[in-house]
Amino acid sequence: MAETAAALPPVRRLSGALYGVFVLIGIATSTWVTRTPALRDALGASTEQMGLVLFGFSMGSMLGILSANAVTAWLQARRTILAGTCLVLAGLALMAAGAALASLWCAFAGFLCFGLGIGWSDIAMNVECAALERLYQRTLMTTLHGCFSLGTLLGAALGMLMAYLQAPLLLHWLGVAALALLGVLPLVRHIHNHSAAPAPAEADGGPEPGPVLGALRERRVLLIGLFILGMALAEGAANDWLPLLMVDGHGFAEAQGTVIYLLFTLGMVVGRFSGHRLLQHFARVRLMQASALAAALGVALAIFSPLPWLGAASVLFWGLGAALGFPLALSAAGEGPAADSARRVGAVASLGYVAFLVGPPMLGFLGEHWGLRLGMLPVLAMALVAAVLAMVLQAWAVRRTATGGAAQQAA
C-alpha cells in the first residue's frame, strides 16, 4: 500500500502534463471550428471549396498519422508532442493569414500544417497515456480525451464571444496561438517518455514488434479499429461541420450555430469526465455499445428533425454518444501483452484519426449536392455499424471468458 501511495504523485504529474497539452489542442481546434462560417465568408468559398480547404487538414493529418510512430521512435514522446503542438499552432496562424488575405491556398496550407501537428501530437499522447495506464493500473484515457473536450468547450465559448463581437479572425486566431504556445512549453517538460521504456518481453530478448498496422491482423484489434472508425467519424463530423450544419441546414444565425456547437462540446465533456465512474459500474463493451447508439440517435435527429429546436437539442445526444467511443476503444486496444501494447494502440488510433480527419471533408462533397443535413447520412450509418461491432466484441469476450474458464477446469 505504501508503494502504491508513493506512486500516486508521479502519475498525477505525468498525466497532468498530457491533460494540459490536450486542453490547449482542444482550444486550438474549436477556435477554428466555431468560426468556419466566418472563414467561409472571408474566403468567399462555396461548400465544395470549403471541403477542399478542409482536405488540407486531412492530407496533413494522414501524413502525421502515417509518420507519427516513426517520428515518436526517433524523437520519443516528449519531443514529438512538442513538435506536433508547435505545428498545430503554426497552422492556426497560417489560417488566420489566409482569412486576412482571402487566400484559399494560404488557408489550405494552414490546415495542412495543423493536421500534420495533430497527427504527431495526438498519437504520441495516446501511446504515452496507454503506457501510463499499464504502469500505474489506472484509467486515464477517458480523462485525457475529456481534457480535449474541455478545451474544445473553452475554445467554443471564446469563439462564440468572438463571433458575437465580429472580431477579425486574424486577431482571434493569432492571439490563441500565441497564448497556447506559452502554455505548452512548461507542460511538455513533465512528459517522461514512459512509452519508450522496453517491455519485459523485449528486455528478455523477445521478438521486436512488427509494423504498427500489422496489429490489425488480430481479430480483436481489428474489431476495435472498425468500431473506432464509426465513433471517430461521428466526433470529427461534428467538429468540422456542426456550426455550418445548424446555420445552413436548420436556419440558425452564426452566433446561434456556435452556441449549439457549445452544447455538443458540453455533452462531450460530461460524457468523458464521467467515464471513469461509469467504468466502475458497467463493462467497457456495454458502454461502447451505448455510446454508439446515443450518437446514432443524435445524428438521426439532426438530419431528420423538422423542428429547428429539436435539431439543435439533438447535439446533446450526439456529444454524449461520441464522447466515450474513442478513448474506450484505445484503452481496450492497450489491454493484453505489454510488449505489443503501443503497437496495438497506434494501429487503432491511426484508424480512428483516419475517420476523424479524412471522413468529415468528404462530407462536404456530399453536402454540396444533397445539402449538409443529408450529407450526414454516412455518419449515421457508421454509428449504427459501430453499435453492431460493440455487440460482436461483447459476444467475442464472453466466448473467450467461457473458453478460458473451461480450460482452467480441464487443467
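1. Let's start with a tryptophan you can spot from outside: Trp 105 is exposed, with a relative accessible area of 70%. Bear in mind as you look around that this is a predicted model. Phe 108 also lies in helix H4, 3 residues from Trp 105, or about one turn of the helix. Phe 108, however, counts as buried, because its relative accessibility is 19% and the cut-off for buried is under 20%.

2. How do those two rings sit relative to each other? Their centres are 5.9 Å apart and their planes meet at 75°, so Trp 105 and Phe 108 make an edge-to-face pair. If that way of putting it is new to you, a pair of aromatic rings is described by the distance of the centres and the angle of the planes.

3. There are more rings to look at, since the count of aromatic pairs comes to 9. One of them is Trp 32 with Phe 111, also edge-to-face, with 4.9 Å from centre to centre and 90° between the planes. This pair links distant parts of the chain: Trp 32 belongs to helix H1 (residues 2–33) and Phe 111 to helix H4 (residues 104–136), 79 residues apart. Trp 32 is buried, at 0% relative accessible area, and Phe 111 is buried at 0% as well. Find Phe 57 and Phe 114 too, as they join Trp 32 and Phe 111 in one aromatic cluster.

4. Now for charges. Side chains of opposite charge can pair when their charged atoms come close. How many salt bridges does the structure hold? The total is 3. Take Arg 40 and Asp 248 to begin with: their side chains meet at 3.0 Å, N to O. Arg 40 is in helix H2 (residues 36–43) and Asp 248 in helix H8 (residues 219–250), so this bridge ties together parts that are 208 residues apart in sequence.

5. Arg 40 has another partner, Asp 41, with the closest N and O atoms 3.6 Å apart. Are these residues buried or exposed? Arg 40 counts as buried, at 16% relative accessibility, while Asp 41 is exposed at 53%. Asp 248 counts as partly exposed, with 41%.

6. The remaining bridge to check is Arg 272 with Glu 235, where the closest N and O atoms are 3.0 Å apart. Here too distant parts of the chain are linked, as Arg 272 is in helix H9 and Glu 235 in helix H8, 37 residues apart. Both Arg 272 and Glu 235 are buried. As for shared partners, Arg 40, Asp 41 and Asp 248 are joined by their salt bridges into one network.

7. Next, look for a nonpolar patch on the surface, formed by Leu 263, Leu 266, Val 270, Leu 316 and Leu 320, with about 360 Å² of accessible area together. Helix H9 (254–273) and helix H12 (308–334) each give two or more residues to the patch, and H9 gives the most, with 3. Leu 266, which sits in H9, counts as partly exposed at 38% relative accessibility.

8. Last, a helix to trace from end to end. Helix H11 (residues 284–304) has 21 residues and spans 30 Å from its first C-alpha to its last, close to the 30 Å expected at 1.5 Å a residue. Its buried residues include Val 285, Met 288, Ala 292, Ala 295, Val 299 and Ile 303. While you trace them, remember that an α-helix has 3.6 residues a turn, so residues three or four places apart point the same way.

Terms used: Residues numbered from 1 in each chain as written. Predicted model: local features only at pLDDT ≥ 70, side-chain atom pairs only at ≥ 80, totals over all residues. Heavy atoms only, no water. Patch = residues over 30% accessible without salt bridge, like charges linked within 9 Å, V, L, I, M, F, W, Y side chains within 5 Å. Areas by Shrake-Rupley, 256 points an atom, 1.4 Å probe, with all protein chains shown as cover. Salt bridge = Lys/Arg side-chain N within 4 Å of Asp/Glu carboxyl O. Helix = DSSP H or I, 4+ residues; strand = E, 2+ residues; numbered from the N terminus. Buried < 20%, exposed > 50% of the residue type's maximum accessible area, 1.4 Å probe, protein only. Expected span 1.5 Å × (residues − 1). Phe/Tyr/Trp six-rings, centres within 6.5 Å; stacked < 30°, edge-to-face > 60°.
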